[in-house]
Amino acid sequence: MKKSETNIFFKNLQDLFCGKFIRGCKERENAFKKENLINVLSPGRVNIIGEHTDYNLGLAISVAVNKYIFLTGIRDDSNKVEVYSKYLNERCKFSLDKIGYDEKTQWINYIKGVLKEYIKNGYKIGGFSIVIDSNLPIAAGMSSSAALEVGIAKFIEELFNLKVDKKDTVKYCNSAENNFVGVKCGLLDQFTVAYVKKNNAIFLNFKDLSYEYIPFNLGENTILIIDSNENRNLSDTEYNNRIDECKNAVKIISSITKDSSIKSLSDVSLDLLYRLEEKLPEKLFRRTRHVVTENNRVLLLKESLLKSEIKKLGLILLKSHNSLKYDYEVSTERLDFLVDEVTKLKWVYGARLMGAGFGGSIISIVKKDKVSDIIEIISKKFLKKFAEAPKFIECLSSDGTKRVSI
Ligand code: GLA
């Protein structure tokens, strides 16, 4: 997305802001000057490899996509927060003294959860009004929730001049999702969205929270995301159940081996796993095999990316998909259909489901100049099978969450 396009989004939000919030409210009228508005741009994340490894303290490589949540607002002297989502055409008001879970308006809980974390950690926050828009598909495996969490975190840090270490920002946002929203997700999404840089992928190690930037250049190829239109909230899926299964597997493995240094599935080698095959419940064996082999695939993909070996990279994605489908069991008929059909095309090097699974999107690596042919062919086939067209996004890499001036 070009700067001029993001500017249009922000200009529209600012105009809306003036219309929705300024008229009739003394506190805000006093605070309001267009130049006082804080604008934050927060991208979605595209995970290239390393699925369900984050909460197993493993590895992943991801980028930010040039689709965003846009946030614009100002502070005032009240202790009230007022949020309007242009995207959903919904408005919410609440007091900072009493931040309770909202059963009806699910999306506001991501914002409330983050504010609660900052307050709990001793940061001084006052009232504010904010309008939000998005061109990032929601609940499609591109982490719109993390984009919103890190976006609101950056917004209040700028608004109230809070000095916060970026790793803490990531932890607060993650904790909001774990403890307020109720999804026990790992750090992949918030970490990527907060840290990644344009034209780079980020190599993440969840064991020690170290990271490394890898130049991201696919040459004549590009990432094509295909959204299956099977939208879901992770809280309504088996996601938390997978986390429990992994914890359970760690317990059993460390007790059989009497090795207390095994703290997560990422401490298990493939050799050890096969030695334990008979002793582990079959399902937990497969869950563990996914995590162990996925971590290996992250390392292999890192090498291919550095050497620009696109064919190898594509094959690694396919292996990852099979592992997610058979061992981790998080694929769906639509996701499998998309991966199967898209990888039949000679311009496609590989594909896999992206994010948690249970619906959402797939990621594919394709020849840039064939994107429109691929879209045409896959749309027709998908439409025939599922009576609706999927959505396509060509992923250009982007910076992580940042304040922008327009
Ligand atoms: C979701 C979660 C992440 C991660 C992925 C699967 O996106 O939010 O923490 O677990 O699923 O890799």
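This briefing covers the overall fold of one protein chain and the surroundings of its ligand. The model is predicted. The protein chain carries 12 helices and 12 strands. The ligand takes up the space of the largest pocket. Protein covers 97% of the 310 Å² of accessible area that the ligand has on its own.

**Overall shape**
- The chain contains 12 helices alongside 12 strands.
- Its radius of gyration is 22 Å, close to the 22 Å that the globule rule gives for 406 residues, so the chain is as compact as a globular protein of that length.
- The C-alpha trace spans about 70 × 55 × 40 Å along its principal axes.

**Residues around the ligand**
- The ligand has 13 residues around it.
- Those that come nearest are Glu51, His52, Asp54, Asp189 and Tyr239.
- By class, the shell divides into 6 nonpolar, 3 polar and 4 charged residues.

**Polar contacts to ligand oxygen atoms**
- Arg45 places a polar side-chain atom 3.0 Å from an oxygen atom of the ligand.
- Glu51 also uses its side chain: a polar atom there lies 2.7 Å from a ligand oxygen atom.
- His52 makes its approach through the backbone, with an N or O atom 2.6 Å from an oxygen atom of the ligand.

**Cover**
- Of the ligand's own accessible area of 310 Å², the protein covers 97%.
- The space that the ligand takes is the largest pocket.

Methods:
Residues are numbered from 1 along each chain as its sequence is written. This is a predicted model: local features need pLDDT of at least 70, side-chain atom pairs count only at pLDDT 80 or more; totals for chains, interfaces and linings use all residues. Side-chain values use heavy atoms; hydrogens and water are left out. A residue is near a molecule or strand if one of its heavy atoms lies within 4 Å of it. A polar contact is a pair of N or O atoms within 3.5 Å; within protein, one must be able to donate a hydrogen and the other to accept it, and residues adjacent in sequence count only if both atoms are side-chain atoms. Accessible areas come from the Shrake-Rupley method with a 1.4 Å probe; for residues, only the protein chains shown count as cover. On a 1 Å grid over the protein atoms alone, a cavity is a set of points where a 1.4 Å probe fits but cannot get out, and a pocket is an open set with protein on both sides within 12 Å along at least five of seven lines; lining residues have an atom within 4 Å of a point. A molecule sits in a cavity or pocket if more than half of its atoms lie within 2 Å of its grid points. Ala, Val, Leu, Ile, Met, Phe, Trp, Tyr, Cys and Pro count as nonpolar, Asp, Glu, Lys and Arg as charged, and the others, Gly among them, as polar. Helices (H or I, at least four residues) and strands (E, at least two) are DSSP runs, numbered from the N terminus. The radius of gyration is taken over C-alpha atoms; the globule rule is 2.2 Å times the number of residues to the power 0.38.
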